[in-house]
Amino acid sequence: MTTTRLTEEEQCMLRGDHGEAVQFAMETIVRMARGFGAEELVEIVSVHAMAMYGDLHDAGLELLEWLHRLGGRCRVPTTQDPASISFAHWQRMGVPADYADKQLRLAHLVEALGEQPLWSCTPYQANNVPAFGQNVAWAESSAVSFANSVLGARTNRTPAGLAICAALTGRMPKVGLYRSENRVARVKVVVDAGELSALDYHTLGILLGKRVGTTIPALAGIPSGVSRDDLKSLGAAAAASGAVALYHVIDVTPEACRADPFGGQPPSGEFRVRREDLEATARELQTASPGCVDLVVAGCPHYSLAEVRRLAGLLRGRRVAPGKALWVYTSAEVERQATAEGLLATLEAGGAEVLAQTCAVMSPLPKRFQTLMTDSGKYASYLPSEHGVEVVYGGIDACVRAVTELCGRTGA
Ligand code: F3S
């Protein structure tokens, strides 16, 4: 087994000089480092962890309670993914009280451990924004993709149990995407599908993940003015349908602007994405025919302010039809900004519900909703298996049409 070199400080943590919680966390990190052949650890500048009850269950709750009893405290700034309930609306949304109670205990615990209560999958749209080249330990796959690809920071897809150990020690094994030689692209993807809509970026991401799996792709043909929201959608979808933790976009993303994304070697594979490929992928995401939908869910990953603005513009002067619902997921910060701009009032006047700090996949869904529609490739991938519902996939303009018209008159 590899010997992992430890600094003086890391040896102190391992000996227990910083308390039992840090010692346990460092033992776990070192064991992982040895198992993966890491010769040393890296210092990380932030953690994005998981604390949703729907994912951690009782075992995760007990682990965090135990670490807290041992005096654990985050050594680096740490945020966390959405919660499994809307803290503001869980009672009205029919969430069982014992389930909510466990999520509320988790919320209390992570704050006691020193985490910043963000509860969003887009920490980079708030106060957890690593700089180019910095090492972080993030758990949420869409955020991992954004950090690596769009910000040029470095992180692997960190498991939830390891993320809390990283938070307590500020260290991770130096393996995978922390190493420069593992960040080069192997596959070239030429996007030749004409002008791309917001939905097309989700669809392209789904197609990409299915085709490349875990291989790092470099994309050509993406316009240089592509928005960060579109890159966010692309990365989230590719991480959901495959396990893409890093993609490059030639002449757009920071590592591909600074150097040859293929590291001076010819790519080992290449494929082209045409309009008909996107259309076929979009069709495959649907489990129901476009028609009558009960609920539209938007905001996966969490909507930015620009995306909330767009939705408010589409909903202005319209209203969610009786018996239907429109739920919009975002961060508390974007909700605050949307309130200040009057956008929240517009959405609520149209019958939409803004659910900050939670997520449709990670929270219980009332049984009355059987057919959902979404503008998110990641939601479309996960919702049928997570909640046993049918899914219609379409752009946010089609979603608004479907949810504001009575059944029998909709066309997605
Ligand atoms: Fe975020 Fe939930 Fe989607 S965590 S990326 S809104 S599945």
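A residue is called buried when its relative accessible area is under 20%, exposed when that area is over 50%, and partly exposed in between. The exercises below apply this rule and others to a predicted model.

**Exercise 1. Classify Cys121 and Cys300: is each of them buried or exposed?**

Step 1: Cys121 has a relative accessibility of 8%, and since the limit for a buried residue is under 20%, Cys121 counts as buried.
Step 2: Cys300 has a relative accessible area of 11%, so that Cys300 is buried by the rule as well.

**Exercise 2. Describe the surroundings of the ligand, and find which element gives the most residues to the shell around the ligand.**

Step 1: Begin with the place of the ligand, which sits in the largest pocket.
Step 2: Two elements give two or more residues each to the shell around the ligand, namely β10 (295-303) and α14 (377-387).
Step 3: Of the elements, β10 gives the most, with 3 residues.
Step 4: List the residues around the ligand, which include Gly299, Cys300 and Pro301, together with Lys378 and Tyr379, and among them is also Cys121.
Step 5: Sort the shell by residue type, which yields 7 nonpolar, 2 polar and 3 charged residues.

**Exercise 3. Find the disulfide of this model, and explain which parts of the chain the pair ties together.**

Step 1: A disulfide requires two cysteine sulfur atoms within 2.5 Å of each other, and by this rule the count comes to 1 disulfide.
Step 2: The partners are Cys292 and Cys407, whose sulfur atoms are 1.7 Å apart.
Step 3: The link of Cys292 and Cys407 is right-handed, with 50° about the S-S bond.
Step 4: Because Cys292 lies in the loop between α10 (275-285) and β10, while Cys407 lies in the segment after α15 (396-404), the pair ties together parts that are 115 residues apart in sequence.
Step 5: Turning to accessibility, Cys292 counts as partly exposed at 37%, and Cys407, with a relative accessible area of 39%, is partly exposed too.

**Exercise 4. Work out which residues of α10 are buried, and where the exposed residues Arg283 and Glu284 lie.**

Step 1: The buried residues of α10 are Leu278, Thr281, Ala282 and Leu285.
Step 2: These buried residues cover an arc of only 100° around the axis, and therefore they lie on the same side of α10.
Step 3: Arg283 and Glu284 are exposed, and they are found on the other side of α10.

Definitions and conventions. Residues numbered from 1 in each chain as written. Predicted model: local features only at pLDDT ≥ 70, side-chain atom pairs only at ≥ 80, totals over all residues. Heavy atoms only, no water. Near = heavy atom within 4 Å. 1 Å grid on protein atoms, 1.4 Å probe; cavity = no way out; pocket = protein on both sides within 12 Å on 5 of 7 lines; lining within 4 Å. Sits in = over half its atoms within 2 Å of the grid points. Helix = DSSP H or I, 4+ residues; strand = E, 2+ residues; numbered from the N terminus. Nonpolar A, V, L, I, M, F, W, Y, C, P; charged D, E, K, R; others polar. Buried < 20%, exposed > 50% of the residue type's maximum accessible area, 1.4 Å probe, protein only. Arc of directions from axis to C-beta.
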